[in-house]
Amino acid sequence: MAQPFRLSRGGRIDRSRPVRFTFNGRTVEGFHGDSVASALLANGIHLVGRSFKYHRPRGILSHGPDEPSALLSVDRGPGRIDPNNRASVVEARDGLKTLSQNHWPSLEHDIGAVNDLLSPVFVAGFYYKTFMWPRKFWDKVYEPFIRAAAGLGKAPSVPDPDRYANRHAHCDVLVVGAGPAGLSAALAAARTGKRVILADEGPEPGGALLHDVTAEIDGRPAAEWLSATLAELDSRETVILLPRTTAFGYYNHNHVALAERITDHLPNPGTAPRERLWQVRAEQVVLAGGSHERPLVFADNDRPGILLAESVRVFINRYGVAPGRRIVFATSGASAYAAALDAKAAGLHVTLVDLRTESECGPELARLKATGAEVLTGHTVIGAKGTKRVTGLIVAPVDRAGRCGARRLLPCDCVGMSGGWTPAVHLFSQSRGKLAYDETIDAFRPGTSVQAERSAGASRGTYDLAGCLQEGFAAGAAAARSEERRNFTASPTLTGFRPVRAMPTDVDPGKVRAFVDFQNDVTAKDITLAVREGFHSIEHVKRYTTTGMATDQGKTSNMNALGIVAGQLDKTLPGVGTTTFRPPYTPVTFGALVGPARHALFDPIRTTPIHEWAEEHGALFENVALWRRAWYFPKSGEDLHEAVARECEAVRKGVGIFDASTLGKIEVVGPDAAEFMNRIYINPWLKLDVGRCRYGLMLKEDGYILDDGVVARIAPDCFHVTTTTGGAPRVLAHMEDYLQTEWPDLRVFLTSTTEQWAVIALQGPKAREVIAPLVDGIDLSPEAFPHMAMRQGTICGVPTRLFRVSFTGELGFEINVPSDHARAVWEAVWKAGQAHGITPYGTETMHVLRAEKGYIIIGQETDGTVTPDDVGLSGMIAKAKKDFVGKRSLARPDVVASGRKQLVGLVTDDPKVVLDEGAQIVDDPGQPIPMRMLGHVTSSYWSPNCGRSIAMALVADGRARQGRSLHVTTPEGFARVTVVDPVFFDPKGERIHA
Amino acid sequence: MLLIACPYCGNRPETEFRCGGQAHIARPADPGALSDAQWAEYLFIRDNPRGIHAERWNHVHGCGRWFNARRDTVSDRFLATYKMGETPQSQESNSILSTSTQAEARA
Amino acid sequence: MLEALYRTARALPLGRAPASDPACSGVQITPAGAEARFALRIRDAGASAAGLPLDGPINSVRGDDRRWIARLGPDEWLIGSDEAEADQLPAAIAADLGERAHAIVDVSHRNVGIDVSGPLAAAVLNAGCPLDLGDAAFPAGSATRTLFGKAEIVLIRHDGATPRYRVECWRSFATYVHGLLAEASLGVGETARR
Amino acid sequence: MRRFSLSSLLSESLNGHRGWGRQWRDPQPKPAYDVVIVGGGGHGLATAYYLATVHGITNVAVLEKGWIGGGNTGRNTTIIRSNYLYDESAALYEHALKLWEGLSQELNYNVMFSQRGVLMLAHNLHDVQSFKRHVYANRLNGIDNEWLTKEECKEFCPPIDISGSLRYPVLGGALQRRAGTARHDAVAWGYARGADARGVDIIQNCEVKGIRRDASGAAIGVETTRGYIGAKRIGVVAAGHTSTVMAMADVRMPLESYPLQALVSEPVKPVFPCVVMSNAVHAYISQSDKGELVIGAGTDQYTSYSQQGGLHITTHTLDAICEVFPQFTRMRMLRSWGGIVDVTPDRSPIIGKTPVENLFVNCGWGTGGFKATPGSGHVFAHTLAKGEPHPINAPFTLDRFRTGRLIDEAAAAAVAH
C-alpha cells in the first residue's frame with residue numbers, strides 16, 4: 001500500500017496532486033505540499049543516512065531547517081546534483097532522485113559502522129593524540145584515511161547548468177519570518193503604505209500557524225486570520241512577500257542578505273534563475289525567525305524514529321503523516337503535550353514521559369490525561385532500544401537528586417522529545433547585538449539592539465500566540481513609525497519547561513553515548529572529556545569536540561552543549577559564554593552568492609574599436625588588466641616566435657601598425673595645469689611648448705615609480721596625458737587625490753579620455769609615406785613635425801591629435817582619433833600601407849621592439865620597489881623643482897645607499913640562448929645554497945633585428961658591472977652573460993628622427 | 001557593505017567609495033626640511049585606533065569627491081561625514097583634529 | 001560639412017540595434033544611437049551656460065532627450081545632445097563661462113548609451129546597481145554616477161509613464177553592461193512564489 | 001605532562017578516558033615574570049614554548065584577554081608555504097616551514113601538518129614572469145618551488161578548469177610541494193601544552209590595560225584586568241590589537257588593522273587535493289580534513305576591529321572561486337567569519353626592538369601570519385632572550401620604514417600572502 005503512514009485526513013498537502021520521486025532508487029509517493037522528509041515518513045521510511053564519524057543509522061529529527069541528520073544528495077537532472085540537502089526542507093516533486101550519503105556498500109549495510117564499535121577510542125580530539133608515528137605516515141596513510149572517512153556527500157563534478165540572479169533592494173521595513181509575529185509585524189508596517197519586504201524560509205507563509213490547527217485568533221480559527229492577513233498584504237503594492245527565502249546574513253548598516261529559492265521545487269523551471277540573492281538595505285528590520293526545539297540528551301537518542309516533539313506534531317498536522325503508530329513523547333516541558341494531544345486526536349497511541357513532577361506541570365497535564373493517554377511525570381529517559389529504528393524507550397522514575405527508580409520499557413515506533421526551546425537569535429547576533437541570558441526561559445535572548453532592528457515573538461523568547469501577535473504588531477508599527485495599536489486575543493499556548501542538560505540516568509554516564517550534536521557525533525561524554533582536559537571556554541569546547549560545527553551549525557545542540565559545560569564547571573550559562581553567530585543562518589549556495597558573475601560577466605572584457613578587425617585578421621589575444629589586447633598576428637603555420645620575428649623585422653624595414661588604444665588618457669585642463677603637472681611628475685613642465693611632447697615619470701610618495709607615459713601640451717592650459725594600459729585608473733585616482741585634498745587651490749580639472757581616443761600606432765621608416773595622403777592640415781615634414789611633437793588636423797576627414805612619438809625607436813606616429821571612427825581610419829591606413837608592406841603587430845612585438853631600444857615597461861622593469869635612478873632615469877628629474885610627489889623619499893638612507901639594483905642589458909655568451917624572464921642572477925654559480933642573488937631578468941627576447949637574444953635586468957650595482965660576466969639561472973642550470981648597456985639597436989637613436 | 005553618507009550625494013553603498021585611510025595628515029609643506037624619521041612618520045605611522053577614527057573617503061563611483069568621516073572602528077558606525085575643509089558636526093570631535101590637510105588649513 | 005559627414009559614419013560598439021526585449025520580460029533594452037556628450041567642469045558655475053541650467057542639485061538631470069545636462073558632482077556635469085548641436089555647443093558654453101576657469105571635454109566617443117524601459121526596468125538595473133531606485137529616492141529627473149555590476153555607469157531616469165532609464169558607460173564596458181542587462185532581464189519577474 | 005600516544009589513547013579508552021588531565025593549567029598570575037608575552041595566539045604561545053625549550057627561560061607568562069588561539073590563529077585558512085621572493089622573507093618562512101615539518105613530534109601533539117602542496121595559478125603573462133622569478137629565487141635559496149604547465153596543473157589538481165573559456169584562462173602555475181595546511185587550533189593548543197609543561201603560566205581572560213614604565217622610560221610591567229604583573233621583558237604579540245597595546249607605551253606603529261574574511265563550504269568527500277591560490281582573481285581554496293572547502297577572501301578596505309566584513313567581499317571571492325572551479329556553484333557556504341589583521345606599509349612583519357627599553361614587538365603579519373607561527377615564535381624567543389634579534393628577524397625592524405629598506409613582497413610580485 002502506498003503511503004501506509006499517511007493519515008486519512010488533515011494536513012495542508014494537496015491529495016489530488018500526487019508526486020513521485022525516488023529514494024535510493026526506490027519510488028516514493030507523496031503529495032504536492034510534502035517535503036521529502038514527510039513523504040519518506042508517509043511511506044514508513046525512517047532510516048535515511050549514516051552519521052559522520054560512527055556511521056550510526058540516522059533518521060529524521062526535525063521538520064525544519066535545523067535538521068542535522070537527514071541529509072540527502074538530490075539529483076534534479078544532469079548537472080543538477082548536489083549533496084547535503086536537508087530532507088525536511090527539500091520540497092517533494094516529480095522526478096527528484098534522492099540518495100542517502102556516507103555509507104558503503106549500502107545504507108542498510110554499512111561497513112563504516114565498525115567505527116561505532118571503536119567509539120571508545122574515537123573520542124573528542126583523539127586525532128590530536130595519535131597518528132604521529134612514523135612521521136611519514138601522516139601524509140601517506142593516516143590523513144588520506146581520515147579524509148576519506150570525513151565529509152558527507154559528494155561534491156558536484158560538472159559545471160552547473162542553472163542560472164543565478166542578484167537583486168539589490170531597499171525597503172522601509174524588512175520582516176524576517178512569516179509566522180504569527182512576522183505576519184502581524186508586516187501587517188502593521190504595510191498599513192502605513194511604507195515599503196515592506198516579508199521573507200520566510202518556508203514554501204508557505206504562516207509559521208507555526210500552519211500546524212497549530214486548533215489555535216484561535218480573535219475568536220476565529222487561526223487559519224482564517226492567516227488567509228485574511230495574507231490577502232491584505234497581497235493587496236498592497238508596497239509589500240513584497242518572499243516565500244522560500246532565507247534571510248541568512250545581517251551585515252553592517254542594516255544590509256541583510258536573503259536567498260530566494262525560485263525553481264528547486266518546480267519540475268520545469270524554464271528560464272527562471274534557480275536562486276536569487278537579495279541584498280536588502282532596510283531602514284528598519286523586524287526579526288521574527290521563531291525558535292528551535294532542543295532534543296533531550298539520553299543514551300542512543302539518535303535512533304531513527306526519534307524526532308523532536310514539535311516535529312511529530314508538524315508531520316501529523318501539516319503533512320497528514322504519522323511518524324509512528326505508537327508514539328512516546330519525552331519532555332521536560334509543556335509544549336510536547338500539545339503534540340501529544342494532536343497525535344492522540346489523530347488516532348495514534350500516545351504515552352508521555354515528563355521529567356517534571358506533577359506539581360511542576362500546568363493545565364497541559366490534565367488535558368492530556370483526559371484523553372486517556374498515559375502520562376508518566378517525574379520520569380527520566382534512560383535510553384532507547386532499536387538500531388535502525390527505535391523500538392522502545394527505557395524510562396524510570398527519578399527524584400530531584402537524580403536517583404532513578406525501577407526501569408520500564410515503553411515499546412514504541414516513534415519518540416517525540418522536547419528539552420525546551422531556544423530563540424533563533426542568529427540574525428540578531430549577526431547584527432552585533434549582545435545576547436542577554438534570561439533564566440526564566442533558560443536561553444539567550446536579544447539584548448540591546450545596535451542596528452535599527454527589533455526582535456519579536458519566539459525569536460525573543462515570547463512563546464505564546466497572543467504575545468507573538470502583539471509583539472509582532474508593535475514591532476512592525478514602531479519600525480514603520482505608525483501610531484496604530486492593536487490587541488490580539490488568542491487561544492492559550494502551552495509553554496514553560498524545566499531546563500535539563502543530560503537526562504538523569506542510572507548507569508555510568510561515562511559509558512553511554514547520549515548525543516548532543518547528532519551530525520558530528522558529539523556525545524555528552526565528549527564534552528565532559530573536553531572540559532576535563534581544560535577546554536573551558538565554549539569556543540574551545542566547540543573546536544575541540546566539533547560540537548555545533550556541522551551543517552546545522554548547532555541549532556539543536558548548542559544550548560545542550562553549553563548547559564553540560566556549565567554543569568561540569570558549576571557555572572551559569574553566561575559564565576561559560578555563548579558563541580557569536582556568523583552568517584549564514586543556513587547554508588547558501590555559492591551560485592546564489594555569485595549570481596550572474598561568470599565568464600564574460602565575471603569581469604568586463606574591455607576591447608578596443610580595432611578588436612574585431614584584429615580577430616578577423618587572425619590575432620591571438622592576451623589579457624592585460626581588464627583589456628583584451630592583440631598579442632600577435634600569426635600567419636598560417638606560424639608559432640609565436642616566428643610571427644613575432646616577422647612582425648619585428650617588418651616594422652624596422654617597412655612599417656607596422658599597432659593598436660595602442662588601451663593606453664590611458666587624461667585631459668588635464670585649467671590655468672594651473674602646468675603647475676599641477678610639475679608637482680605630480682618628476683619632470684619639468686612649465687616650459688614645454690604647445691605642440692610638444694615629453695615622456696613623463698611619476699612616483700608614489702614613497703619614491704617608487706607609479707607610472708609613465710608621453711604627455712603632449714595641447715594648449716597653455718591643457719595637457720593630453722597618457723598612462724600605461726593597466727595604470728589608467730590608479731593614475732587618475734592618484735592625481736584627483738592630490739588635487740582635491742592637498743592642492744585644492746590649483747585650478748585644474750581632470751577628465752578621462754581613454755576611450756574617447758583610439759590610438760593607431762604606425763611605426764617604421766615608411767610610416768610617413770603611408771599616412772601622408774590621408775592627413776590634412778598638418779605638415780608632416782621632419783622639420784615642421786619633429787620627433788616628440790603633436791599636431792591637430794584631420795586624417796581621412798576625421799579630426800586627429802597626431803603624435804609623432806615612438807616606442808620602437810623608429811620613425812613613428814600615434815594617430816589619436818575619436819573611437820567610433822577608429823576602425824574606418826585604421827582600414828584606410830591599412831589600405832594605404834599595402835604598397836609599403838604594412839604589417840599589423842601585437843603586444844609581443846611591441847615589447848621586443850622597445851626592449852631593443854632599452855625602453856622600460858612599468859610593471860615589467862619596475863615592480864613597485866624601483867626608483868627612477870634604479871632604471872637610469874634620474875636624469876629626468878627636474879633639478880630646479882623643490883618638491884614633487886615622491887621626491888623626499890628618494891633621499892632616504894637606504895634609497896641612496898650603494899648596492900641598489902640598477903637596470904642593465906644582458907647578452908648571453910651563446911646568442912641563441914633566450915633567458916627566462918624572472919631568472920635570477922648570481923656572480924658565482926658554484927657558491928653554496930643559499931646563493932647571493934644580484935638581481936633578476938626583467939625582459940628577455942629573441943631579437944630578430946639584432947640577430948641574437950637580448951635581455952634587460954635589474955642587477956645590484958649593475959651600472960658599475962658593465963662588461964663583466966654574470967650567471968643567470970636557466971631551467972637546466974646557469975647561462976653566462978655579459979652586462980651591457982640596455983640599448984641594443986640603433987644606439988645613437990638616429991632612426992627615430994628620420 | 002557599509003552605508004556611507006557622502007556629503008554631496010547622501011547615503012550611498014560602500015562599493016561606490018574608496019577608503020583613503022587616516023584623515024587629517026597634512027602633506028608637509030616642505031618635505032625636504034624633514035628628518036628621515038619625520039618623513040617616515042608622515043608616510044607610514046597611523047593611529048589605527050580602536051574606537052573613533054577620522055578617515056578619508058572618496059566617492060569614486062559617484063560624485064568623485066574626497067571627504068572626511070569619523071567612524072567607530074569597533075561598531076563601524078559613522079558619527080559624521082564632512083567635506084574637505086569642514087569640521088565634523090559631532091559630539092565626539094575633539095583633539096583628533098589637531099592636524100589638518102592643506103585644504104583644511106586654508107579653509 | 002566634413003564634420004557632419006564623418007559623424008554619420010560612427011561605428012557604435014553595440015551597433016545600431018533596434019529595441020529588444022530578449023527575455024520577453026517587458027523590459028526594453030535599447031542601445032542608443034550616435035550622440036554628442038561633453039564633460040563640463042567648473043567650480044563657480046553660475047546659473048546656466050548656453051541655455052543649459054547649471055544650478056540644479058547634484059544628482060539631477062535637466063532638459064529633454066535631445067539635450068540634457070546631468071549634474072554629477074559639485075563641479076561636474078555630463079551634457080548630452082544631438083550630434084547636430086555638437087559642433088557649436090562647447091564654444092557656446094565656453095563663451096558664456098567667459099574667464100571662469102573650466103574644462104569642456106568632448107567625450108562623445110567615450111560614452112555609450114543604453115536605454116532601459118518598462119515596468120520592471122528598475123528591477124533589472126538593481127541586478128547590478130546597488131542604489132535605491134524607488135520613486136522617492138530616484139524619481140524621474142535623477143542622474144548619478146554609480147555602479148552596475150563591475151562597471152561604472154551614469155544612470156539617468158527620464159520622465160515617462162512607464163519607468164525609463166538611460167545607462168551611460170564607457171565604450172569598452174558596453175558589451176559587459178549590455179550583457180548583464182540582458183542576463184538580468186531573463187527571469188526578472190520570476191519569483192519563488194508559485 | 002601525560003604523553004600522547006596510541007598506547008595511552010588505547011589504555012584510556014578502556015577507562016572511559018578518565019585519566020586525561022588538563023592540557024594546560026589555569027594559574028593565578030604571579031607578581032612578576034622574567035618575560036611577559038602579551039597575546040595568547042599561536043605566535044605568542046610559540047614564543048613562550050621556545051623561550052622555555054631553547055633558552056631555558058621558564059618564568060614566563062602568556063597573557064590572553066580571551067581564550068588562547070581565539071584570534072587570527074583560529075580564524076585563518078591555514079595555508080603554510082615558504083616560496084617567498086626576497087631572501088629575508090624566504091629565510092623567515094622557510095625557517096618556519098622546517099619547524100612545521102617536525103612540529104607534531106616536537107610538541108607530541110598532532111597538528112595535522114599536511115604537505116599537500118600549494119599551487120599558485122598564473123592567469124596572464126605578467127603572472128608567468130613573476131612566478132618564474134619566484135621559482136628561480138627559491139631554487140637559489142634552497143626552497144622547493146617548481147613551474148607547472150597548465151596541463152601539469154590540471155594533473156596535480158584535477159578540479160581546475162584549464163579550458164580557454166575562463167575569463168582569465170590558466171596559463172600554468174608555481175607549485176611548492178612541501179607547502180600545505182595544518183589544523184590551526186591544534187597549533188595553539190600544542191604550544192600551550194608544551195609551554196605549560198615547562199612551567200610557563202598561560203593566563204586567559206587577562207587583558208592588558210597599561211604598560212608601566214620606570215623613570216628612565218623602560219618598561220617594567222603591565223597593568224591587567226587581573227592586576228599588575230611585573231616583567232623584565234615584555235613581548236607584544238597582539239596581532240590586530242598591536243597598535244592599541246603599543247599606544248600604552250606611547251609607541252606609534254606603522255600598522256593598520258583590517259577585517260579579513262574567510263568561509264567554508266559544507267563538508268564533502270575528498271575532492272580537492274591541495275591548496276590553490278590565484279592572485280589574478282584574488283582567491284585561495286583548499287579542503288580541510290573534515291571535508292569543508294576552505295576559502296580565503298580579501299580584506300575590507302577600511303580599518304576595523306569588528307571581526308565582521310561586508311557581503312561584497314564574500315561574493316567577489318566566490319565569483320573568483322567559481323570562475324576557476326565552475327562545478328562548485330552548487331556547493332553551499334556553511335560558515336563565514338572575520339579576523340582582524342594588522343598590516344604594515346610593506347606588508348612584511350615587524351619583529352624586534354622598539355624605542356622603549358625592554359619592550360619588544362612581533363606584529364604586522366597581515367593576512368599571512370599563520371604559516372610563520374613556529375618560525376616567528378622561535379626567532380622572537382631568541383630576541384626576547386638575548387635582547388637582540390636573531391639573524392633571521394634582523395631585517396624585520398621597525399626602523400626600516402625610516403631608512404627605506406622595505407621588504408615589499410606584495411609590490412614586488414602582486415602576490416597575496
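# A tour of the predicted model

Select chains C and B. In this predicted model, the two chains bury about 1000 Å² between them, and carbon and sulfur atoms give 52% of that area. On the chain C side, color C:Pro74, C:Arg145 and C:Leu147: these residues lose the most area to chain B, together 36% of what that side buries. The contact involves 15 residues of chain C and twelve residues of chain B.

Next, show side chains at this interface. How many salt bridges does the rule find between chain C and chain B? The rule finds one. To see a salt bridge here, pick B:Arg65 and C:Asp75, whose closest N and O atoms are 3.7 Å apart. Polar contacts across the interface of chain C and chain B come to five residue pairs, with both residues at pLDDT 80 or more. Turn on the ribbon for chain C: β6 (67-73) and β10 (143-148) are the elements that give two or more residues to the side touching chain B. The largest share of that side, four residues, comes from β10(C). Sorted by class, the side of chain C that touches chain B has six nonpolar, four polar and five charged residues.

**Chains D and A**

Hide chains B and C and select chains D and A. Here 107 residues from chain D and 123 residues from chain A take part in the contact. The buried area between chain D and chain A is about 10000 Å², with 54% of it on carbon and sulfur atoms. On the chain D side, highlight D:Leu140, D:Arg167 and D:Arg330, which supply 10% of the area that chain D buries against chain A, more than any other three residues.

Now look for charged pairs. Across the interface of chain D and chain A there are ten salt bridges by the rule. One to center on is D:Arg332 with A:Asp82, where the closest N and O atoms are 3.2 Å apart. Polar contacts across the interface of chain D and chain A number 65 residue pairs, both residues being at pLDDT 80 or more. Which helix gives the largest share of the side of chain D that touches chain A? Select residues 125-140 of chain D: this is helix α5, which gives nine residues. The side of chain D that touches chain A divides into 44 nonpolar, 37 polar and 26 charged residues.

Stay with D:Arg332 and switch to the backbone. Strand β31 (residues 588-589) of chain A and strand β16 (residues 332-343) of chain D run antiparallel and are joined by two bridges. In β16(D), D:Arg332 stands opposite A:Thr589. The residue therefore appears twice on this tour, in the salt bridge with A:Asp82 and opposite A:Thr589.**An annotated span in chain D**

Select residues 35-79 of chain D. UniProt, in an unreviewed entry, places the feature "domain: Rhodanese" there. In the model, the end C-alpha atoms of residues 35-79 of chain D lie 30 Å apart, and the span is 27% helix and 20% strand.

**Backbone details in chain A**

Move to chain A and show the backbone as sticks. Go to A:Trp133 and A:Pro134: the peptide bond between them is cis, with omega near -15°. A:Pro134 sits in the loop between α3 (126-129) and α4 (137-149) of chain A. Then go to A:Pro583 and A:Pro584, where the peptide bond is again cis, with omega near 0°. A:Pro584 is in the loop between α15 (573-576) and β31 of chain A. Finally, pick A:Asn102, a residue other than glycine with a positive phi, near 60°. Its place is the loop between β7 (97-99) and α2 (114-117) of chain A.

**A sheet in chain A**

Return to the ribbon view of chain A. Seven strands form an open sheet of mixed pairing, in the order β41-β42-β43-β44-β40-β34-β45. Which strands are at the edges? They are β41 (775-776) and β45 (839-840), each of which pairs on one side only. Within the sheet, select β43 (residues 798-804) and β44 (residues 812-818) of chain A, which pair in the antiparallel sense over three bridges. Label A:Phe803 and its bridge partner in β44(A), A:Glu814.

**Last stop: a salt bridge within chain A**

Over all chains, a search of the whole structure finds 123 salt bridges. For one within chain A, select A:Asp342 and A:Arg313, whose closest N and O atoms are 2.7 Å apart. A:Asp342 lies in helix α8 (residues 335-345) and A:Arg313 in helix α7 (residues 309-317), so the pair ties together parts that are 29 residues apart in sequence.

Notes. Residues numbered from 1 in each chain as written. Chains lettered and ligands numbered in written order. Predicted model: local features only at pLDDT ≥ 70, side-chain atom pairs only at ≥ 80, totals over all residues. Heavy atoms only, no water. Contact = heavy atoms within 4.5 Å. Buried area = accessible area lost by both parts, 1.4 Å probe. Salt bridge = Lys/Arg side-chain N within 4 Å of Asp/Glu carboxyl O. Polar contact = N/O pair within 3.5 Å; in protein donor to acceptor, adjacent residues only side chain to side chain. Nonpolar A, V, L, I, M, F, W, Y, C, P; charged D, E, K, R; others polar. Pairing = 2+ DSSP bridges. UniProt positions renumbered as here; feature names shortened; annotations may be inferred.
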